[in-house]
Amino acid sequence: MRQPTERRGARRPAPRKSTQGDRQAAPALPPRPERQAGLKPELVIDGKRLRLTHLDKVYYPATGFTKADVIDYYRAIAPALLSHLRGRPLTLKRYPEGVNGEHFYEKRCPPHRPTWVRTAPIWSEGHGRMVDYCVIEDLAALIWAVNLADLEFHVSLSLAKAMERPRTMVFDLDPGEPASIIECAQVGLWVREIFDSLGLKSFPKTSGSKGLQVYVPLNLSGREAVTYDETKAFSHAIARLLEQEHPTEVVSLMRKSLRHGKVFVDWSQNDEHKTTVCVYSLRARERPTVSTPVLWEEVEEAWRRRDARPLTFSSADALARYHEHGDLFAPVLHLQQALPRLGPASRRTPAASSRRAHE
């Protein structure tokens, strides 16, 4: 395993040379509303008029973070976030009374939406019919969704125009108490080792909640494109391999009774009918934490020091990182990588590759 990068005093280490591909130049943040003046109840964005409501409502009681603060965050992070939302069907997760109140998922884009909010018809297993999902393409549509108390943005691994073709493969690492994100860091590093041995790059981000997520970009089209049947089988094989090699730390089965003190490697998110929390999305936790892209060096450091702080980010932290380093998750949108084609021996292929990596 590679040695972690030492930090030099500052809590957040500045990446020296990213192991995740070329980083974009850090763009300047857009002007934020003056907090002392308050956010105006009416906004006009690119000629689109928005009426904002209940701006003083406290959405995160533990910190006093209000709806206006939520909108401020999403306005500021929009240049990065929108890149990961565009073209993808969105499931709204709405918290009209804040994080301590009732919430609900909404797949169907609300019928009272403005005409300029784009939708895409997607087959819904739950409804048994086509459902018009929201597709967030611009800042106005983003703020419209946030004004509906959509604190979290959950998107497909596919573009709406090709739902049968995943653009990436994801591993959602979910700790069972008393395991934590620290143990997820260890498992994430094992996931990376496997894909390194296959010549594929992988990219970590925090879930913004308890765990860590590892993305493997594909972004293939035409004959090279893969299906969910392929990514689900491959990810399941990886999860079972990790469970086999690390039985006291990893579980690949969903049953909660098996997860105590272990990390569940959730491969089932690789499904056409599921969504995953989008990078840069807020999470409805006690505090306004964010699903944030991280460097593998930071994951290594968290595991080596058994310290969760390098993997915990508030909205202010996420904005500061983006302002300094740009979008560390940008390669996930564009990097083209081919999975090894799995034949009848597909269950053995990742295991064999992992063994070769350790020989």
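## A walk from a kinked helix to an open sheet

Start by selecting helix α1, residues 67-85: 16 of its 19 residues are buried, where buried means under 20% relative accessible area, exposed is over 50% and partly exposed is in between (1.4 Å probe, protein chains only). Helices (H or I, at least four residues) and strands (E, at least two) are DSSP runs, numbered from the N terminus. Before going further, note that this is a predicted model, where local features need pLDDT of at least 70, side-chain atom pairs count only at pLDDT 80 or more, and totals for chains, interfaces and linings use all residues. Residues are numbered from 1 along each chain as its sequence is written, and side-chain values use heavy atoms, with hydrogens and water left out.

**Along α1.** Put a distance between the end C-alpha atoms of α1 and you get only 21 Å, whereas a straight helix of 19 residues would span 27 Å at 1.5 Å a residue. That expected span is 1.5 Å times one less than the number of residues. Now click on Ala78: a kink of about 75 degrees lies there, shortly before Pro79. The bend at a residue is the angle between axes fitted to the seven residues ending there and the seven starting there. Step just past the helix to Gly87, which takes a positive phi of about 80 degrees.

**A glycine in a loop.** Next, go to Gly98, in the loop between β5 (90-94) and β6 (104-106). Is Gly98 buried or exposed? With a relative accessible area of 1%, Gly98 is buried. Add Asp150 to the selection: 52 residues separate the two in sequence, and their C-alpha atoms are 9.9 Å apart.

**The five-stranded sheet.** Now colour the strands β11-β12-β10-β14-β13, which in that order make an open sheet with mixed pairing. β11 (203-206) and β13 (250-251) are the edges, each with a single partner strand, so one side of each has no neighbour in the sheet. Two strands pair if DSSP finds at least two bridges between them.

Zoom in on β11 and β12. They run antiparallel, joined by four bridges, and form a hairpin with five residues in between, including Gly208 in the turn with a positive phi of about 85 degrees. Lys205 has Gln213 as its bridge partner in β12, while Pro204 is matched with Val214. Both faces of β11 are covered: Phe203 and Lys205 are buried on one side, Pro204 and Thr206 on the other.

Which residues of β12 are buried on each side? Leu212, Val214 and Val216 are buried on one, and Gln213, Tyr215 and Pro217 on the other. Such alternation of side chains between the two faces is what a regular strand shows.

Slide across to β10 (168-175), which is antiparallel to β12 (212-217) and linked to that strand by six bridges. Show Asp172 with its bridge partner Gln213, then Val170 opposite Tyr215.

**Helices over the sheet.** Turn on α3 (181-197), which lies across β10, β12, β13 and β14 (263-266) at about 150 degrees to β10. Then add α4 (228-245), across β10, β13 and β14 at about 35 degrees to β10. Axes are lines fitted to C-alpha atoms, for helices over the stretch in contact, and angles run from 0 to 180 degrees between N-to-C directions; contact means heavy atoms within 4.5 Å.

**Zoom out.** The whole protein has eight helices and 15 strands, and 55% of its 359 residues count as buried. Among contacts between residues at least 6 apart in sequence, 74% join residues at least 24 apart.
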